[in-house]
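Visitor: I'm new to this one, so could you walk me through it at an easy pace?
Guide: Gladly; let us put it on the screen and take your questions as they come.

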Amino acid sequence: MSKIGVFVCHCGENIAATVDCEKVANTAAKFDGVEFATDYKYMCSDPGQNLIKNAIKEHHLDGVVVASCSPRMHEPTFRKACSEAGLNPFMCEVANIREHCSWVHEKGDATTQKAIDIVRGLVEKVSRDHPLESIHVPITKKALVIGGGIAGIQASLDIANAGHKVILIERDPSIGGHMSQLSETFPTLDCSQCILTPRMVEVAQHPNITLYTYAELEKLEGFIGNFKATIRLKAKSIDEDVCTGCGTCTTKCPTKKIPSEFNQGLGNRTAIYVPFPQAVPNKPVIDKDHCLHYQKGVCGLCEKVCPTHAIHFGQDDSFITEDVGAVVLATGFNVLNTDFFPEYGYGKYKDVITGLQFERLASASGPTSGEIRRPSDGKIPQKIVFIACAGSRDPAKGIPYCSKICCMYTAKHAMLYQHKVHDGESTVFYMDIRAAGKNYEEFVRRAIEEDGVNYVRGRVARVYEKDGKLIVKGVDTLLGAKPVEIEADMVVLATAGVANAGAEELAQKLHVSYDPYHFFAEAHPKLRPVETNTAGIYLAGACQAPKDIPDTVAAASGAAVKVAGLFSQPDLVREPIIAKVNRMPPPVFSTCVGCFMCETACPYNAIEREEIKDRRSGKVIKTIAKVNPGLCQGCGTCVSFCRSKSIDMQGFSNEEMFAEVQALLED
Amino acid sequence: MSKLSEKAAALLSEGTVGLVIGYEQGTHGTRPKFCRKAEDAATLILNDKCLNNIGGYLTKPELIGSGKVAVTATLAVMRTVVQLTAEHQLTDGNVIVLALDGDEVLQMASIDEIKKWLAAHPEDLSDENKALLSKLKALSREERWNFWINEMNKCIKCYACRASCPLCYCNRCIVEVNCPQWIKPWAAPLSNMEWQINRVMHMAGRCVGCGACDRACPVHIPLRLLTISMAGDIKEAFGVASGTGNIDGNVLSSFKPDDKENFIH
Amino acid sequence: MEQWLGSLIKSGKRVVAPVKHDDIVDFAVISSPAQVADDYVQTRLSAKQYVFPKAEVLFSYKKDGKDVTIDDVNTDEFPETVLWKLHPCDVAGLEPLGAIFNWDYKDSLYNARRAKTTLVTFACAASDEYCFCASVGGGPGNTDGSDVQVTMLPDGDALVELISDKGKALLTDDIKGETSSADGIDKEKFIAKVEKKFTVDEIIKKLEGSFSSPIWQEQSDRCLGCGACAYVCPTCACFDIQEDSHLHGGRRVRSWDSCGFSLFTLHTGGYNPRTTQSARWRQRVLHKFSYMPERLHVTGCTGCGRCSRACPVDMNLVEHLTEIASHE
Amino acid sequence: MSETNQEFEPRIVAFVCNWCTYAGADLAGTSRLKYATNVKIVRFPCTGRIDFMLLLKAFEEGADGIIVSGCHPNDCHYTSGNFHARRRWTVFRGLLDFMGIDVRRIHFTWVSAAEGAKWADIVNETVADIRALGPYDEYKSIASNFEKEAAK
């Protein structure tokens with residue numbers, strides 16, 4: 001038989017003005033299972049809490065109902081008080097007779113009766129409550145950062161500087177990402193590489209960071225604090241320990257006409273290559289798809305010329321596994337550069353290029369050493385057109401969103417062009433100028449007012465070639481849709497920022513949600529912008545949505561703080577308000593039949609599969625669902641979905657809720 | 001011996017399977033037949049009079065054991081195999097489906113093959129069912145209530161609907177849960193109705209439409225109408241066909257952010 | 001007959017008779033003789049629900065705060081009941097039922113209902129291939145246990161046998177004038193013929209030592225484990241006892257159960273002695289043809305054939321019993 | 001059943017999620033909005049947790065009406081519990097209606113933590129609607145009987 005205590009709070013006059021608190025307590029005292037009931041002016045005050053504590057001890061109470069304000073207000077207070085008196089805190093329920101009763105009804109019998117009903121519902125619930133213990137989950141204090149662009153670099157450094165180990169993996173042969181390809185950066189026009197490369201080197205040298213380039217995540221198992229990552233180290237065909245990075249091999253390699261990814265196809269590289277001079281690590285890899293040795297079994301020149309015998313043909317991809325406690329996704333973005341714009345002649349006309357290609361042209365380390373020369377004939381374009389929103393904000397192209405960075409980099413491009421080609425003429429076609437950011441609007445104004453960039457508000461309908469010129473046909477909507485036609489030497493498309501290749505596949509591997517455009521989804525658009533729905537996996541940078549460098553760095557530091565915060569705890573303590581699959585003695589083991597429909601219902605991928613094995617033979621008897629207490633957030637969707645009622649929820653169990661509903665109605 | 005019997009006998013004698021579940025002529029109509037030896041297969045038949053959904057036997061380990069099993073399949077049985085596999089109750093490849101294409105015996109060993117066959121052989125609601133359904137839907141709410149309460153009053157809670165349903169494979173049914181006692185175990189209009197509501201809700205998106213529940217009912221409650229009506233609602237609201245073995249989640253364990261919600265204010 | 005039935009209804013007794021609704025015939029309380037069904041072989045359900053209801057209250061209780069009061073069922077409130085137009089096999093079912101409810105414990109609710117029930121059988125005019133009463137010691141004209149037996153004659157007259165005092169008391173004054181002597185009427189000519197396929201003694205004998213026989217598995221492979229056979233059976237008496245509890249009171253309820261259900265024998269600790277359907281099928285047959293004859297000295301089967309008619313997978317009891325009888 | 005009965009005080013249970021509607025009802029309280037006393041709230045973590053059987057149990061125990069309320073779409077604390085709930089209610093409601101259960105007695109609604117006023121309105125509207133429908137005697141009549149009451 002339960003021994004329940006009911007404590008009715010007057011909340012000064014807040015409750016007592018409309019509810020007869022004494023009557024509520026006297027009526028509750030007669031409820032089955034109620035051992036003690038009283039009312040008091042302020043239950044949350046020290047004397048009020050002492051009243052509860054003393055009653056627990058004196059009457060050996062095994063359950064408490066405090067009828068007071070909303071549990072969202074004082075449930076923690078009263079649970080703590082119960083705990084201090086030796087009662088399991090989860091054996092305390094709060095009946096909301098203030099916000100849901102005294103404040104919303106007039107004084108009268110009906111109001112008092114409603115308060116009594118609410119108390120009765122919770123008396124019945126608490127008599128079915130079970131003592132619960134907080135859940136402690138151990139944490140492996142090592143983070144995995146996926147992606148070595150500025151986001152991954154920043155996150156890795158912040159986590160490492162907080163004193164935690166970091167594994168940073170990068171798909172390409174070097175870290176640096178898109179930022180390393182940029183010439184100057186808005187709105188300060190400082191050189192991208194100048195500010196980035198020191199960070200790259202810091203990563204490589206940081207004692208807490210282990211860097212794997214040319215590596216991809218193969219598999220991620222486990223849950224927050226306890227992930228197991230399997231990483232594929234793609235074969236580089238060199239022995240990095242021996243290679244000195246002297247560069248002899250790359251100069252001797254006979255296959256020299258491979259379009260350079262780093263230069264966006266505007267320059268070439270060899271089959272054994274370092275993507276760019278400042279690469280970290282500054283050691284080459286062999287591109288098996290283009291290497292004569294791999295493709296035709298001939299050559300092998302690099303092997304012959306290597307002074308340290310570092311070339312290892314026949315190396316295979318290898319796999320390593322790492323236990324990590326948190327994962328930061330920093331896989332970045334890409335720009336549309338396929339045959340996406342037939343109307344602009346991209347892919348057809350050599351001198352129609354993307355913004356990223358322009359970055360390479362403008363970059364001192366680029367194929368033209370920073371001179372703006374058009375790809376077709378190397379001439380300096382005298383007239384250049386920039387088209388903003390190439391793809392972005394265009395539902396017809398399937399990209400209704402704004403890519404956010406294009407307005408700014410287009411202004412920067414036009415400005416750089418004007419700085420380099422003083423007599424050149426530049427025109428920007430734009431829809432709107434979005435320059436919200438510190439010093440951003442000033443930057444755009446500078447391009448227009450100081451550098452004389454011609455801004456035309458309107459869309460470009462077509463670009464076609466005529467007599468060696470690119471004819472850009474558009475309209476100027478500010479002049480009443482007046483047709484505009486420009487004979488340009490070069491056209492730069494500010495193509496939309498899109499999710500990086502393989503983002504969807506990676507999201508599925510990690511069980512994180514993603515939006516229709518394959519950008520990873522944050523746990524809450526406002527309040528949890530760097531977390532994902534999967535506990536322990538965080539987002540940094542443009543893999544979540546197009547972002548500029550300052551936003552990316554801020555997000556990366558935000559994600560790093562989340563990781564550091566997680567790692568600063570001795571272990572993970574969670575409220576035990578989670579779902580649980582029933583277990584019983586053999587031969588039943590559990591009533592779960594393993595249909596795993598709960599798996600798809602769970603927003604947190606907290607449902608795992610548990611094999612129940614015969615202790616002697618090891619044979620699997622049945623496979624049932626198991627709720628991972630580290631991942632479950634306690635929404636209870638699985639509980640109401642389970643047909644055989646094999647999953648129940650602690651704190652809101654079927655029996656508890658059933659009893660509460662029954663009791664509320666039986667007046 | 002029919003080609004079907006020959007095929008079944010061959011599978012048994014080769015040792016490909018340890019059991020063939022099929023149909024034979026019974027004392028009144030056809031009935032399920034379990035063949036464990038090649039000679040048992042001699043009496044196998046498969047025609048449109050084979051109405052039991054023998055797919056349900058596939059989830060009973062006491063009958064199946066751990067080896068491979070073959071089942072002679074009507075379209076309903078095939079849908080059952082597909083759905084049970086999606087629900088992790090069968091392992092793809094462990095069940096061989098024997099079907100008839102005219103005189104020829106088809107042997108299908110993978111879910112993909114079965115799905116292809118099912119896609120090529122769609123089954124629509126019978127005219128009789130369509131008529132009954134629209135007749136009931138045309139009634140006023142009170143009339144429908146009276147109709148169903150009269151039906152529920154007949155129910156004796158023998159659970160033949162549950163036992164005959166190939167997708168009611170829980171080891172412990174919700175009616176056997178007594179903490180809390182969701183549904184009173186005795187036969188009474190309310191608990192009978194609650195049982196049917198539960199049974200049907202638990203079939204949401206899963207029902208293969210074989211009608212076994214209905215035919216099994218000894219007091220002739222038109223149970224199929226409940227699942228048919230629900231499957232229609234689901235199709236209309238979510239554009240999803242029931243019982244097609246969707247592995248990405250059941251209709252109630254998945255969602256679309258823009259699902260209709262005209263009843264929510 | 002209609003006049004007699006009419007006056008029985010008027011007398012205030014609860015009169016239960018076969019009534020046709022939609023496509024099936026079942027017993028129901030009637031208010032007019034016209035409701036009584038004709039031209040059928042067997043009701044879907046047996047008449048046992050009138051002495052052993054699908055669900056019945058054993059006692060109820062009220063809670064007032066912390067006080068509890070218990071109310072027993074008032075058996076005086078059970079109505080005087082005439083079961084009209086039973087078949088001899090319906091009555092045959094009451095003997096094993098009575099034996100079960102009086103074996104070690106005298107079940108007052110069953111006995112009170114039974115005492116207030118008068119049984120009017122009609123000798124069967126028709127039978128079908130499911131009927132096998134003759135094989136289990138009964139017959140379409142068997143009068144054992146009946147209070148009154150009626151045999152309809154081709155000319156519209158009826159042969160009425162008043163068997164017990166209860167039966168004689170049923171003959172209302174207004175009908176007595178309509179009667180004449182039945183001497184010389186050969187009842188057998190007007191009733192259905194049911195073939196004898198085996199004898200109970202044969203079955204009992206064959207079942208000795210059959211516990212481990214493979215026949216149980218062979219016969220029950222297709223058994224679905226539903227309760228249809230048990231619930232339509234006139235002699236199945238398994239029940240469950242459950243609480244209908246609410247905050248301010250409740251009742252304890254007895255309701256039908258079936259040994260065919262897989263969890264019927266599940267122990268609280270998780271052990272289940274009958275884990276397979278074949279073990280449950282064996283239990284069903286042995287209970288009716290071995291344990292009941294041995295312990296209660298009655299056969300647990302009336303040959304009514306309802307189980308076979310109700311079975312969704314053609315578990316035909318005659319077929320199975322014939323097989324057992326001929327099994328080596 | 002449709003006659004308006006001003007004397008009749010309907011018994012209504014509200015099944016609400018903790019994060020939106022429960023908080024919205026709290027806001028109605030802190031804003032001192034006044035509404036009818038007929039509705040009693042049961043707190044669930046999420047609409048996804050609300051078992052359809054609890055709704056039937058409420059009717060069995062004598063509820064004349066029910067409110068089910070949670071976070072607006074895309075606002076769920078658990079991201080998708082309300083989406084799952086919405087599908088469940090779509091199917092459940094269709095089935096109940098087909099079986100002749102009066103779905104007008106179940107009000108589904110989204111009330112956010114900021115919508116205290118909406119909560120007060122929902123309560124008052126529901127009470128008025130159910131009062132107009134009258135007590136749910138139809139359901140109660142079968143609640144404790146073993147047999148359907150003989151047709152009168």
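Visitor: What share of the 328 residues of chain C counts as buried?
Guide: Before the number, please keep in mind that this is a predicted model. In chain C, 41% of the 328 residues count as buried.

Visitor: And how many helices and strands does chain C come to?
Guide: The secondary structure of chain C consists of eleven helices and ten strands. The radius of gyration of chain C is 21 Å, close to the 20 Å that the globule rule gives for 328 residues, so chain C is as compact as a globular protein of that length.

Visitor: What box do its C-alpha atoms fill?
Guide: Taken along the principal axes, the C-alpha atoms of chain C fill a box of roughly 65 × 65 × 40 Å. As for how the chain meets itself, if one takes the contacts in chain C between residues at least 6 apart in sequence, 70% of them join residues at least 24 apart.

Visitor: Switching over, how many residues does the contact between chain A and chain D take from each?
Guide: That contact takes 36 residues from chain A and 34 residues from chain D.

Visitor: Which helix of chain A gives the most to that side?
Guide: H18 of chain A does, with eight residues on the side that touches chain D. Helix H4 (98–102), helix H5 (109–126) and helix H17 (637–641) of chain A, like H18, each supply at least two residues there. By residue type, the side of chain A that touches chain D divides into 16 nonpolar, twelve polar and eight charged residues.

Visitor: What about chain A with chain B, how many residues are in contact there?
Guide: Here 15 residues of chain A are in contact with 19 residues of chain B. On the chain A side of this contact, helix H16 (597–601) and helix H18 (654–665) each supply at least two residues, and the residues of that side divide into seven nonpolar, five polar and three charged.

Visitor: Now chain B itself: which domains does the assignment give?
Guide: The domain assignment of chain B gives domain 1, covering 3–120, and domain 2, covering 127–238. The C-alpha centres of these two domains of chain B lie 27 Å apart, and the contact between them takes twelve residues from domain 1 and ten residues from domain 2.

Visitor: How do the residues on the domain 1 side divide?
Guide: On the side of domain 1 of chain B that touches domain 2, there are three nonpolar, eight polar and one charged.

Conventions. Residues are numbered from 1 along each chain as its sequence is written. Chains are lettered from A and ligands numbered from 1 in the order in which they are written. This is a predicted model: local features need pLDDT of at least 70, side-chain atom pairs count only at pLDDT 80 or more; totals for chains, interfaces and linings use all residues. Two residues are in contact if their C-beta atoms, placed from the backbone, lie within 7 Å. Helices (H or I, at least four residues) and strands (E, at least two) are DSSP runs, numbered from the N terminus. Ala, Val, Leu, Ile, Met, Phe, Trp, Tyr, Cys and Pro count as nonpolar, Asp, Glu, Lys and Arg as charged, and the others, Gly among them, as polar. Domain bounds come from an automatic or database domain assignment. The radius of gyration is taken over C-alpha atoms; the globule rule is 2.2 Å times the number of residues to the power 0.38. A residue is buried if 20 or more other C-beta atoms lie within 10 Å of its own, exposed if 12 or fewer, and partly exposed in between; C-beta atoms are placed from the backbone.
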